[in-house]
Amino acid sequence: MTHSNNDSVRLSHGKLGTRIAAVVIVLGAAVVLFTAFQIASKGGFGPQQPGFFPIIVGVGLVGFGLAFLIRTTAKPDYALRSQAAEGHADTHWRTLWTVIVGLVIYAVILEPLGYILATTIFFLAIAKIAGSRQWIRDIIVAVLFSVIIYFGFTELLGVRLPAGLLEMVV
């Protein structure tokens with residue numbers, strides 16, 4: 001394979017990567033909008049209602065996602081493709097996919113275990129995946145982080161987070 005063929009293959013990875021990123025943004029925006037409309041349907045659509053701000057964010061994400069998709073398809077940015085190709089080559093995909101699977105598992109266990117336990121487990125797992133070997137420090141940080149965020153949201157902001165198994169304690 002010649003040097004120009006390597007560049008061509010590298011740029012095609014960048015082309016695919018930027019289009020995938022644009023599609024992921026649009027799909028994520030669709031999920032945000034769908035969820036925002038569910039919230040708004042229960043609480044109202046007014047500016048002081050709980051669904052208003054998520055709808056604004058969802059509409060903005062859809063707009064920017066579609067603009068990015070059109071830009072990457074109709075008028076490609078070769079500098080961006082080159083950067084994306086470099087990012088693709090430098091990305092440790094196994095770690096990325098492991099974290100994504102961890103996020104899905106976190107979402108599944110959040111309600112039954114509760115925020116504090118699920119977040120502590122998730123934090124420890126991600127630290128292990130990232131290569132941390134300092135278990136004591138990780139446990140202390142994970143527990144403190146989870147407890148502080150839980151009580152910050154529930155007591156200071158009035159936002160209920162799932163208590164799960166610790167419902168009798170917290």
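**Notebook: helix α6 and its surroundings**

I began with helix α6, which has 23 residues and runs 31 Å from its first C-alpha to its last, close to the 33 Å expected at 1.5 Å a residue. I note here that I am working from a predicted model. Just after α6 I found G158, which has a positive phi, near 75°.

For comparison I looked up helix α2, residues 52–74. Its 23 residues should span 33 Å at 1.5 Å a residue, and its end C-alpha atoms are 33 Å apart, so the two figures agree. I listed I55, G58, G65 and T72 as the buried residues of α2.

**Entry: the inner side of α6**

Which residues of α6 are buried? I wrote down D138, A142, S146, Y150, G152 and T154. I then checked what the buried residues of α6 pack against, and the partner is α5.

I took S146 as an example from α6. Its relative accessibility is 0%, so S146 counts as buried. Leaving out residues up to four places away in sequence, S146 touches Y115, I116, T119 and T120.

**Entry: α5 against α6**

How do the axes of α5 and α6 cross, and within what distance do they come? They come within 9 Å and cross at roughly 145°. I recorded the crossing of α5 and α6 as right-handed.

I also listed the residues that meet. From α5 they are Y115, I116, T119, T120, F123, L124, A127 and K128. From α6 they are W135, D138, I139, V141, A142, V143, F145, S146, V147, I149 and Y150.

**Entry: aromatic rings**

I counted the aromatic pairs in the structure and there are four. The rings of Y115 and Y150 have centres 6.5 Å apart and planes at 25°, so I entered this pair as stacked. Y115 lies in helix α5 (residues 115–129) and Y150 in helix α6 (residues 135–157), so the pair ties together parts that are 35 residues apart in sequence.

Are Y115 and Y150 buried or exposed? Y115 has a relative accessible area of 10% and is buried. Y150, at 7% relative accessibility, counts as buried too.

Y150 also pairs with F151, and here the arrangement is edge-to-face, with 5.2 Å from centre to centre and 90° between the planes. F151 has a relative accessibility of 34%, so F151 counts as partly exposed. I put Y115, Y150 and F151 down as one aromatic cluster.

**Entry: the nonpolar core**

Which residues make up the largest nonpolar core? I found eight: Y106, Y115, I116, A118, F122, Y150, L161 and A163. Helix α5 gives the most to this core, with four residues. I added a general remark from my reading: in soluble globular proteins, nonpolar side chains tend to be buried together.

I followed L161, a member of this core, to the segment after α6. L161 is buried, with a relative accessible area of 17%; the cut-off for buried is under 20%. Along the chain L161 and Y115 are 46 residues apart, yet their C-alpha atoms are separated by 6.3 Å. What does L161 touch, not counting residues up to four places away in sequence? I listed Y115, I149, Y150, F153 and T154.

A163 is another residue of the core. With residues up to four places away in sequence left out, A163 touches L113, G114, Y150 and V170. I noted that Y150 appears in the contact list of A163 and in that of L161.

**Entry: L117**

My last look was at L117, which has its place in helix α5. L117 has a relative accessible area of 29% and is partly exposed. Apart from neighbours within four places in sequence, L117 is in contact with L165 and L166. I also looked up L117 and R94, which are 23 residues apart along the chain, and their C-alpha atoms are separated by 26 Å.

Notes. Residues are numbered from 1 along each chain as its sequence is written. This is a predicted model: local features need pLDDT of at least 70, side-chain atom pairs count only at pLDDT 80 or more; totals for chains, interfaces and linings use all residues. Side-chain values use heavy atoms; hydrogens and water are left out. Rings of Phe, Tyr and Trp (its six-membered ring) pair if their centres lie within 6.5 Å; planes under 30 degrees apart count as stacked, over 60 as edge-to-face and the rest as tilted. Helices (H or I, at least four residues) and strands (E, at least two) are DSSP runs, numbered from the N terminus. Buried means under 20% relative accessible area, exposed over 50%, partly exposed in between (1.4 Å probe, protein chains only). A nonpolar core is a set of buried Ala, Val, Leu, Ile, Met, Phe, Trp, Tyr and Cys residues joined through side-chain atoms within 4.5 Å. Contact means heavy atoms within 4.5 Å. The expected span of a helix is 1.5 Å times one less than its number of residues. Axes are lines fitted to C-alpha atoms, for helices over the stretch in contact, and angles run from 0 to 180 degrees between N-to-C directions. A crossing is left-handed if the near helix is turned anticlockwise from the far one by less than a right angle, and right-handed if clockwise.
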